Amino acid sequence: MEKVLIYDIKYLYTNNNTAPVKGDKMRSVSCLEDAYIYIEDGIIKDVGTKDWDKYKCNDLSLYNAEGTIAIPGLIDSHTHLVFGGSREHEFSRKIGGEDYLEILKSGGGILSTVRETKNASFEELYNQAKRSLDEMLLFGVTTIEAKSGYGLDLETEVKCLEVLKKLNMNHPIDIHVTYLGAHALPKEYSNNRQEFITQIKKDLLVIKEKNLADFVDVFCEVGVFTAEETKEILEEAKELGFRLRVHTDEIKSIGGTEVALKNNAKTIDHLMAITDEDILRVAKTDTIANLLPSTSFFLNKEYAPARKLIDAGAAVSVSSDYNPGSTPSENFQLTLQIAANKLRMLPNEILTAATINPAFGLDIHTKVGSLEKEKIADITLLNCKNLDYFFYHYGINHTRSVFKKGKLVVENRNIVKEL
Ligand code: NIG
Ligand code: FE
């Protein structure tokens, strides 16, 4: 049996809960001073304070945290990890004031990445995504959700989903996969939208048979897919046994949230334009409001009404939305710092929103998302005096080390190479 003791943790922060954490409960984070974590075969067996000497024995790996702080491994539950190329050629248009949807309409945006993704080989996509995963790990992320969506035809979507499958096997970060075939309408379907929807519904069957995704997502937005089209795809996906997530209310509110909630979506994502009525609706459900503040930052758009959502009693998570168009940054710590400064979320709320609540949104809450007995030992140690400091000193990487399933995978901001 492999035993590990992490000791001399100055403060250990965790929100232990058996249901999505809603409203003011998001602030109920416990903070243990002078803490330790005792691990056997990758599973947390004890979390306590001070008297760690009782665990010290001969066959134990000792890890001295040297007065750093411990949090559950971060969970980034909305990324578009796999894509070809990049979009810096659109950056000047964007900062010159051209609108995100205008760029998409002119054949750029998502459609430009689709062209590059179709042309990229499996290896190119794999290597590019692996570099991003390494960055994420260095920022203390131990689990992500990742979507396809830059293929828009079955062959390319399957290629991207298979890249994710292989990365999940080879990389320390756990990847939960979402099929986002309805990410944009390909130009060739612009006069026949229904044909594309019908094709997506057929493709869902293939994805299911090949067991390539757990979740299905749709981009419900003006100029992309309507609420009716979203409903048609989600209902079919649900019928086939997929769990649902929806890009909705990013730019305009067109009914996607209501459709998502009616279909018990695990998460509704973006929500910058969510209506007051829909805020009350989501607060009555266990659907997680997944906010993506880095996207507002990069697109110079409104920020989601996080305070209203939390004050109404919703369960909120925060994710990066890492993608080549609206969030070309793997720095999840910066996302969380933007959540503090721009969403006006409090440090404890953000800890909940980046650990236990995204675990609920991914249905992995019994295994990860908090530091408690019998959970997997996914732990991030931060070189911070306390949790407030993590948000206050922004823009840098605070990671000291990362444990994944009880194994040290990042030490002193370097990925530990297995011998
Ligand atoms: O979540 N909004 C839709 N999809 C992505 C952006 C994709 C892109 O621009 O490449 C998002 O922001
Ligand atoms: Fe997204």
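Biologist: Is leucine 271 buried, exposed or partly exposed?

Modeller: In this predicted model, leucine 271 is found in the loop between strand 11 and helix 9. Burial requires 20 or more other C-beta atoms within 10 Å. Leucine 271 has 28 C-beta neighbours inside 10 Å, and therefore it counts as buried.

Biologist: What is the phi of leucine 271?

Modeller: Leucine 271 is not a glycine, and yet its phi is positive. The value is about 65°.

Biologist: Where is arginine 413 found, and is it buried, exposed or partly exposed?

Modeller: Arginine 413 also has a positive phi, near 65°, in a residue other than glycine. Its place is the loop between strand 16 (407-411) and strand 17 (414-415). A residue is buried from 20 C-beta neighbours upward and exposed at 12 or fewer. Because arginine 413 has 14 such neighbours inside 10 Å, its class is partly exposed.

Biologist: In what order do the strands of the open sheet of 8 strands follow one another?

Modeller: The chain contains 15 helices and 17 strands. The open sheet is built from 8 strands with parallel pairing. Their order is 6-7-8-9-10-11-12-13.

Biologist: Which strands stand at the edges of this sheet?

Modeller: A strand at the edge has a single partner strand, so one of its sides is left without a neighbour in the sheet. Two strands fit that description: strand 6 (74-79) and strand 13 (315-318).

Biologist: By what angle are neighbouring strands of this sheet turned against each other on average?

Modeller: The angle is taken with direction ignored. On average, the turn between neighbouring strands is 25°.

Biologist: How many residues of strand 6 are buried, and what is the bridge partner of leucine 74?

Modeller: Strand 6 has 6 buried residues of 6, so it is largely enclosed by the rest of the structure. Strand 6 is joined to strand 7 (residues 141-147) by 4 bridges, and the two run parallel. The bridge partner of leucine 74 in strand 7 is valine 141.

Biologist: How many residues of strand 10 are buried?

Modeller: Strand 10 is joined to strand 9 (residues 215-219) by 5 bridges, with the two running parallel. One of the pairs across these strands is phenylalanine 215 with arginine 243. Strand 10 is largely enclosed by the rest of the structure, because its buried residues number 5 of the 6.

Biologist: Which residue in strand 11 stands opposite histidine 247?

Modeller: Strand 10 (residues 243-248) and strand 11 (residues 267-270) run parallel and are joined by 4 bridges. Opposite histidine 247, strand 11 presents aspartate 269.

Biologist: Which residues surround ligand 1 most closely, and how does its shell divide?

Modeller: The surroundings of ligand 1 comprise 13 residues. The closest are Ile110, Asp321, Asn323, Gly325 and Ser326. By class, the shell divides into 3 nonpolar, 8 polar and 2 charged residues.

Biologist: Which residues of helix 3 are buried, and what covers them?

Modeller: Ile110, listed among the closest residues to ligand 1, lies in helix 3 (residues 110-119) and is buried. Ser112, Thr113, Val114 and Thr117 of this helix are buried as well. Their cover includes helix 2 (100-105) and helix 5 (154-170).

Biologist: Is leucine 280 buried, exposed or partly exposed?

Modeller: Leucine 280 belongs to helix 9 (residues 276-283). Its C-alpha atom is separated by 7.9 Å from that of leucine 309, 29 residues apart along the chain. Because leucine 280 has 14 C-beta neighbours inside 10 Å, its class is partly exposed.

Biologist: With which residues is alanine 340 in contact, leaving aside its neighbours within four places in sequence?

Modeller: Alanine 340 lies in helix 12 (residues 332-343). It has 20 other C-beta atoms within 10 Å and is therefore buried. The C-alpha atom of lysine 238, 102 residues apart along the chain, is separated from that of alanine 340 by 35 Å. The contacts of alanine 340 beyond those neighbours are Met345, Pro347, Ile350 and Phe391.

Biologist: What radius of gyration does the chain have?

Modeller: Of the 419 residues, 54% count as buried, and the C-alpha atoms fill a box of roughly 70 × 45 × 45 Å along the principal axes. Among contacts between residues at least 6 apart in sequence, 73% join residues at least 24 apart. A compact globule of 419 residues would have a radius of gyration near 22 Å, so the chain agrees with this expectation at 21 Å.

Conventions
Residues numbered from 1 in each chain as written. Chains lettered and ligands numbered in written order. Predicted model: local features only at pLDDT ≥ 70, side-chain atom pairs only at ≥ 80, totals over all residues. Pairing = 2+ DSSP bridges. Axes fitted to C-alpha atoms, helices over the stretch in contact; angles between N-to-C directions. Near = placed C-beta within 6 Å. Nonpolar A, V, L, I, M, F, W, Y, C, P; charged D, E, K, R; others polar. Rg over C-alpha atoms; globule rule 2.2 N^0.38 Å. Contact = placed C-beta atoms within 7 Å.
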